[in-house]
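Please open the model in your viewer and keep the sequence panel beside it, since the stops below are given as selections to make one after another.

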Amino acid sequence: LAASNVGGDALWGDAACAQAVLGGVSAHIESVDHNHMRLLLRHIASVYASRCPPQYHAAWVTPMCRVLLPHIASRLQSAWQAATSASSGAQVQVQGSNPGGDKEGAAKQTADEVVNDILLRELTREHLAWLNVLTQPPKGPTTNNQAPGMRASASG
């Protein structure tokens with residue numbers, strides 16, 4: 001919200017604020033679930049990366065990248081590895097399952113696997129979107145604290 005509505009040195013020039021945001025983003029990051037990590041990437045990391053003036057990247061964007069990039073790479077690697085091994089294990093289990101087994105438990109497990117797969121895919125998609133934002137050339141300053149890409153309304 002601050003990155004969208006406060007411009008100039010009031011936000012970006014405040015090193016203490018940069019440290020506070022980084023501390024909030026990185027606190028207990030290992031215990032954040034995929035859905036919340038996706039929201040963090042979308043609403044904090046991507047917004048700050050896209051709106052931060054280039055002269056303040058060293059205080060805002062670089063430290064966030066140092067924390068988030070290795071963590072998310074490790075998280076995605078282990079999650080995809082687990083999802084791949086779980087799906088191959090599920091195929092073996094289906095082939096060897098007995099017809100009188102616990103169908104409700106199997107249905108619940110399948111539903112949980114589907115939800116986890118969706119969350120993992122969304123986190124991966126959001127991570128790639130953030131990487132795309134990081135690779136975009138810096139935008140010039142916006143006028144009237146508008147979001148980049150917004151045009152000023154024509155005055156009559």
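Contact, in what follows, means heavy atoms within 4.5 Å. The model is a predicted one, and every stop should be read with that in mind.

**The whole chain**

Begin with the protein chain in a cartoon representation, where the secondary structure comes to 6 helices and 0 strands, so that, helices being DSSP runs numbered from the N terminus, the labels α1 to α6 can be followed along the chain. The elements run α-α-α-α-α-α from the N terminus on. If you colour by accessibility, 24% of the 156 residues count as buried. Of the contacts with a separation of 6 or more, 81% are accounted for by residues 24 or more positions apart.

**Aspartate 9 and helix α2**

Select residues 9–12, which make up helix α2, and pick out aspartate 9 there. Aspartate 9 is exposed because its relative accessible area is 53%, and the cut-off for exposed is over 50%. Once its neighbours within four places in sequence are left aside, aspartate 9 is in contact with Asp14 and Tyr56. Add proline 53 to the selection and draw a C-alpha to C-alpha distance from aspartate 9: the two are 44 residues apart in sequence and 9.7 Å apart in space.

**Helix α3, from its cap to the residue after it**

Move on to aspartate 14, which caps the N-terminal end of α3 with a side-chain oxygen 3.2 Å from the backbone nitrogen of alanine 16. Now select the helix itself, residues 15–26. The 12 residues of α3 should span 16 Å at 1.5 Å a residue, and the C-alpha atoms at its ends are indeed 16 Å apart, so the two values agree.

Show the side chains next: Ala18, Val21, Leu22 and Val25 of α3 are buried. Turn the view until you look down the axis of α3, and these buried residues fall within an arc of 100°, so they line one face of the helix. On the other side of α3 you will find Ala16, Gln19, Ala20 and Gly24, which are exposed.

Follow the chain beyond α3 to histidine 28, found in the loop between α3 and α4. What is the phi of histidine 28? It is near 55°, a positive value in a residue other than glycine. With a relative accessibility of 59%, histidine 28 counts as exposed.

**Leucine 22 and valine 67: where α3 meets α5**

Return to α3 and centre on leucine 22, which lies in that helix. Leucine 22 is buried because its relative accessible area is 15%, and buried means under 20%. Which residues are in contact with leucine 22, leaving aside its neighbours within four places in sequence? They are Pro63, Met64 and Val67. From leucine 22 to proline 63 the C-alpha to C-alpha distance is 7.2 Å, although the two are 41 residues apart in sequence.

Step across to valine 67, which lies in helix α5, residues 61–95. At 25% relative accessibility, valine 67 counts as partly exposed. Valine 67 touches Leu22, Ser26 and Ile29, not counting residues up to four places away in sequence. Between valine 67 and glycine 23 the C-alpha atoms are 10.0 Å apart in space, with their positions 44 residues apart in sequence.

**Helices α4 and α6**

For the last stop, select residues 34–51 for α4 and residues 103–135 for α6, which pack at an angle of about 10° with their axes 9 Å apart. The two helices, α4 and α6, are therefore roughly parallel to each other. Among the residues that make the contact are Leu41, Arg42, Ala45 and Ser46 of α4, together with Leu123, Glu126, His127 and Trp130 of α6.

Taken by itself, α6 has 33 residues and reaches 48 Å from its first C-alpha to its last, close to the 48 Å expected at 1.5 Å a residue. Its buried residues are Leu120, Leu123, Thr124, Glu126, His127 and Trp130.

Finish by centring on serine 46, which lies in helix α4. Is serine 46 buried or exposed? At 10% relative accessibility, serine 46 counts as buried. Leaving aside its neighbours within four places in sequence, serine 46 is in contact with Leu41, Trp130 and Val133.

Technical notes
Residues are numbered from 1 along each chain as its sequence is written. This is a predicted model: local features need pLDDT of at least 70, side-chain atom pairs count only at pLDDT 80 or more; totals for chains, interfaces and linings use all residues. Side-chain values use heavy atoms; hydrogens and water are left out. Helices (H or I, at least four residues) and strands (E, at least two) are DSSP runs, numbered from the N terminus. Buried means under 20% relative accessible area, exposed over 50%, partly exposed in between (1.4 Å probe, protein chains only). The expected span of a helix is 1.5 Å times one less than its number of residues. The arc is that of the directions from the helix axis to the C-beta atoms. A polar contact is a pair of N or O atoms within 3.5 Å; within protein, one must be able to donate a hydrogen and the other to accept it, and residues adjacent in sequence count only if both atoms are side-chain atoms. Axes are lines fitted to C-alpha atoms, for helices over the stretch in contact, and angles run from 0 to 180 degrees between N-to-C directions. Angles under 35 degrees count as roughly parallel, over 145 as roughly antiparallel, 65 to 115 as roughly perpendicular and the rest as oblique.
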